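Reader: Please take me through the reasoning behind the labels used for this structure. I should like each term set against its criterion.

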Amino acid sequence: MNLKLYILSIVVLLCSSCSKDSTGQQESVQVNFATRIEMPTKVGEYFEAGEKLGLFGYNYIQGEDIMAPDFMYNVALEHTGERKWNTEKRYYWSPNTFKWKRFYAYYPYEESGTGENIAGLSPAAHTGAPYVDFTFTDSKTDFIVCAAADGNVENPVVQFTAKHALAKLTIGFATDIQEGYAYAKALKVNGVTKAGRYEFSTGAFTFDANPERVDFELSQPKNENGTDKDIIIDSNNAVYIDEYTMYLLPNAVTSIETVINGVQKSFDLSHVPLESGKNTSIRIVINQKGVSFTASIGDWETGGSVDGTID
């Protein structure tokens, strides 16, 4: 998967089939899935074959409280190639129009519920909306969530709208020196929040009162011989490179360490917010009087659309 971000929406479509539920009632509509990428907020323009989303599904009657995920619990929705998706088992809508189903989803999928980045899921007996415990390990890892989407046999098209749960941090360098140039690189981001819990009920992360933090060393652009390469800056247009683009938990970091014209310098970022689904852009400006930085928060990139359906 390449490393660009996209917002996707997941459409739950239905097709005809026949089965019986546990009560012996005839069920005639199978739950199938399609995906549609509306704007770029995902790592990769397309999902690759074998990539999976994790699904939670709840049976409920309108007006009653949502209980445990008794319809689907951490079920894999797999991309099977050519933008087609499938679940290993077939699922059906109840023919009773009072019986609805509610769905949530997350990415990347972890079959056991624990892995490198997904540290844990709400238990199968957990009532109400689920949660996902996320652990930061790599600044290029994405985490996508799909909020509640409902449907029943008379409302068979259930559309998920997915969003970035993480914050994007980009670091760029610029100079307003009229003649000559400057050279720089970013070394490390200090105080990165290690873990947080995404609550689907609120659509936000929660953190410990004193969350564990780590210092994260950044990859560097390379020369042809494999040695680290400085960024040459000779205009006021900010230079941004992929190595200095990170996807972090939305909890402020403490500082960025850089080397500018051979001198190591640190910038305090403890007051700069990181927001879910937003891009915090740090612009470090080098001039004849010194070095300063500005921070701005904006949306992810926008772009075209990609549609996918299931047979």
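**Labels and their grounds**

Author: Phe-267 counts as buried because its relative accessibility is 5%, and buried means under 20%. The model is a predicted one.

Reader: What makes Phe-293 partly exposed?

Author: The relative accessibility of Phe-293 is 23%. Partly exposed covers the values between the limit for buried, under 20%, and the limit for exposed, over 50%, so Phe-293 is placed in that class.

Reader: Why is the pair of Phe-267 and Phe-293 called edge-to-face?

Author: The ring centres of Phe-267 and Phe-293 are 5.6 Å apart, and their planes stand at 80°. Rings pair if their centres lie within 6.5 Å, and planes over 60 degrees apart count as edge-to-face. The pair is therefore edge-to-face. Phe-267 belongs to strand β20 (residues 263–268) and Phe-293 to strand β22 (residues 290–299), so the contact ties together parts 26 residues apart in sequence.

Reader: How do you know that a charge sits over the ring of Phe-267?

Author: The charged end of Lys-265 is 5.7 Å from the centre of that ring, and the distance criterion is within 6 Å. Lys-101 offers another case: it lies over the face of Phe-71, at 4.1 Å from the ring centre.

Reader: Why is the pair of Phe-143 and Phe-205 called tilted?

Author: The structure holds 17 aromatic pairs. In the pair of Phe-143 and Phe-205 the centres are 6.1 Å apart and the planes are at 50°. Stacked requires planes under 30 degrees apart and edge-to-face over 60, the rest being tilted; the pair is therefore tilted. Phe-143 lies in the loop between β9 (131–135) and β10 (144–151), whereas Phe-205 is in strand β15 (residues 204–206), so parts 62 residues apart in sequence are tied together.

Reader: Are Phe-143 and Phe-205 buried or exposed?

Author: Phe-143 has a relative accessibility of 0% and so counts as buried. Phe-205, at 11%, counts as buried too. Ring pairs link both residues into a cluster with Tyr-58, Tyr-104, Phe-134, Tyr-198, Phe-200 and Phe-207.

Reader: What makes β8 and β15 edge strands?

Author: An open sheet of 4 strands has the order β8-β9-β14-β15, with antiparallel pairing. β8 (118–121) and β15 each have a single partner strand, so one side of each is left without a neighbour in the sheet. Neighbouring strands of this sheet are turned by 30° against each other on average, direction ignored.

Reader: How do you know that β8 and β9 pair?

Author: 3 bridges join β8 to β9, which run antiparallel, and the criterion is at least two bridges. Ile-118 stands opposite Phe-134 in β9, and Phe-134 is also one of the residues of the aromatic cluster.

Reader: Which strands make up the sheet with mixed pairing?

Author: This open sheet has 4 strands in the order β18-β12-β21-β22. Its edge strands are β18 (239–248) and β22, each pairing on one side only. On average, neighbouring strands are turned by 20° against each other, direction ignored.

Reader: What supports the word "mixed" for this sheet?

Author: Strand β12 (residues 167–175) and strand β21 (residues 278–287) pair in the parallel sense over 8 bridges, with Phe-173 opposite Ile-284 in β21. β21 and β22, by contrast, pair in the antiparallel sense over 10 bridges. There the bridge partner of Lys-278 is Asp-299 in β22. The two strands β21 and β22 form a hairpin with 2 residues between them.

Reader: What is notable in the backbone of Asn-74 and Asn-261?

Author: Asn-74 has a positive phi of about 50° although it is not a glycine, and Asn-261 likewise has a positive phi of about 50°. Asn-74 is found in strand β4, and at 7% relative accessibility it counts as buried. Asn-261 is in the loop between β19 (255–260) and β20; its relative accessible area is 35%, so Asn-261 is partly exposed.

Reader: Where is a cis peptide bond found?

Author: A cis peptide bond joins Tyr-107 and Pro-108, with omega about 5°. Pro-108 lies in the loop between β7 (99–107) and β8.

Note on methods:
Residues numbered from 1 in each chain as written. Predicted model: local features only at pLDDT ≥ 70, side-chain atom pairs only at ≥ 80, totals over all residues. Heavy atoms only, no water. Phe/Tyr/Trp six-rings, centres within 6.5 Å; stacked < 30°, edge-to-face > 60°. Buried < 20%, exposed > 50% of the residue type's maximum accessible area, 1.4 Å probe, protein only. Lys NZ or Arg CZ within 6 Å of the ring centre and 35° of its normal. Axes fitted to C-alpha atoms, helices over the stretch in contact; angles between N-to-C directions.
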